[in-house]
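Biologist: Could you take me closely through one buried part of this model, and then show me how that part sits within the whole chain? Please say along the way how far the prediction can be relied on and what each term means.

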Amino acid sequence: MTLFPPAACSRLIVKIGSALLVDPAGAVRRDWLAGIAADIGERTKAGQQVAVVSSGAIALGARRLGLTKGGRATLEDAQAAAATGQIALSQVWAEVLGAEGLTAAQMLVTLDDLEHRRRYLNAAATLDRLLSLGVVPIINENDSVATEEIRFGDNDRLAARVAQAAGAGGVVLLSDIDGLYDRNPAQPGARHIARVERVDAAIEAMADGKSASGMGSGGMVSKIAAARIANAAGAHLAIASGQAARPLSADARHTIFVAERGASARKAWLAGGLTAKGRLVIDAGALRALQGGASLLAAGVTAVGGAFVRGDILDIAGPDGRVVARGLSEYPTADAAAILGLGRDAQEAALGYAPRAAMIHRDHLVLL
């Protein structure tokens with residue numbers, strides 16, 4: 001069955017890994033890329049809007065610059081390789097899509113562009129306009145300026161965040177593997193998982209963090225993290241092999257992660273965030289209250305960590321330390337620490353001013 005047919009999915013995000021796009025010598029696999037462009041052309045004619053998250057800039061740039069370790073020996077090497085390779089990557093995409101009568105556009109983003117609400121909305125608006133014009137956006141992380149502290153680190157999670165920003169119904173991660181297995185597929189007896197209804201601890205335990213090709217930066221861990229982000233935003237996600245000449249139209253085995261019922265746009269953005277400024281630990285009673293749809297009150301908070309101000313994103317951990325929710329803080333760090341565990345009357349005495357209704361209001365909180 002064709003992955004996410006146009007009639008059932010008006011917008012699709014396709015992520016292509018470095019090992020598929022660039023051969024071991026560091027050259028573009030142009031014939032294979034032309035096949036992908038043909039698939040995109042057919043889908044576009046059928047009414048589907050497609051955006052591509054394309055890896056490959058560092059691998060291409062490393063070859064041109066003669067850098068060792070695929071351009072990843074140091075951060076400076078990776079940045080130089082990305083700057084050099086991105087222009088070549090964009091040119092190839094423009095050519096193969098142009099042969100199908102399609103216009104390509106380039107969007108380079110950093111983690112901050114999708115983690116800060118206003119910049120996220122700006123990126124979403126640009127993406128929406130390009131897609132509505134029939135353009136095929138080619139998106140990549142801006143590795144030439146990103147540092148270890150402000151980068152996605154892999155294009156799997158970037159693809160999921162792009163899907164969220166675009167309001168896409170489906171995400172396809174094309175890789176060198178045909179889906180999720182219950183253990184490393186190199187091990188005897190490994191079983192392929194065709195459908196995942198919910199990403200839980202058992203599913204996460206099946207992941208192997210290593211990239212088989214050694215060329216990319218992702219692995220199954222990053223793909224499952226991407227599935228969680230996409231599913232929370234109401235998008236299905238498929239992990240599929242890109243080894244076929246026309247992988248988007250091939251009838252091949254894959255794993256589908258089924259979307260949850262779509263959250264509000266703001267809550268989906270919160271759930272998909274990759275960074276948090278701080279952390280609140282809550283007791284069992286507060287956890288039950290959150291699961292019932294309540295706000296987080298200071299009385300149920302047992303510990304505060306990090307350095308944050310009002311409006312920053314915080315992780316909320318249960319008594320066992322597992323992050324169970326995320327939300328926007330109503331207090332800065334010092335004030336949050338001063339009132340943890342206190343009832344409302346005691347909070348006013350501790351703060352010297354009338355407390356807010358909650359540590360994190362339910363309208364600005366999402367369960368994970």
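Modeller: What follows begins with the loop that holds Tyr331 and then widens to the rest of the protein.

This is a predicted model, in which local features need a pLDDT of at least 70 and side-chain atom pairs count only at pLDDT 80 or more, while totals for chains, interfaces and linings use all residues. Residues are numbered from 1 along each chain as its sequence is written, and side-chain values use heavy atoms, with hydrogens and water left out.

Tyr331 belongs to the loop that runs between strand 14 (323-328) and helix 12 (333-339), where helices (H or I, at least four residues) and strands (E, at least two) are DSSP runs numbered from the N terminus. With a relative accessibility of 1%, Tyr331 counts as buried, since buried means under 20% relative accessible area, exposed over 50%, and partly exposed in between (1.4 Å probe, protein chains only). Leaving aside residues up to four places away in sequence, Tyr331 touches Phe308, Val309 and Arg310 on the earlier side of the chain, and Ala336, Ile339, Gln347, Leu351, Tyr353, Pro355, Arg356, Ala358 and Met359 on the later side; a contact here means heavy atoms within 4.5 Å. By contrast, the C-alpha atom of Arg43, 288 residues away along the chain, is separated from that of Tyr331 by 48 Å.

That separation can be set beside the overall dimensions, for the C-alpha trace spans about 70 × 45 × 40 Å along its principal axes. The protein has 368 residues, for which a compact globule would have a radius of gyration near 21 Å, and the value of 22 Å agrees with this; the radius is taken over C-alpha atoms, and the globule rule is 2.2 Å times the number of residues to the power 0.38. The fold contains 13 helices and 15 strands, and 49% of the residues count as buried, Tyr331 being one of the buried residues. Among contacts between residues at least 6 apart in sequence, 72% join residues at least 24 apart.

Elsewhere in the chain, Phe4, in the segment before strand 1 (11-16), is also buried, at 11% relative accessibility, and its phi is near 50 degrees, a positive value in a residue other than glycine. Lys69 likewise has a positive phi, of about 55 degrees, although it is not a glycine, but this residue lies in the loop between helix 3 (57-65) and helix 4 (75-98) and is exposed, with a relative accessible area of 69%. Most residues other than glycine have a negative phi. In helix 4, Glu76 is exposed at 55% relative accessibility, and its C-alpha lies 23 Å from that of Val53, 23 residues away in sequence. Val221, in helix 9 (residues 220-232), is partly exposed, with a relative accessible area of 47%.

As for reliance on the prediction, the mean pLDDT (the predictor's confidence in each residue, from 0 to 100) is 88, and 93% of the residues reach 70 or more. Over residues 211-217, however, the pLDDT is below 50, and this stretch has 16 contacts in the model beyond near neighbours in sequence.
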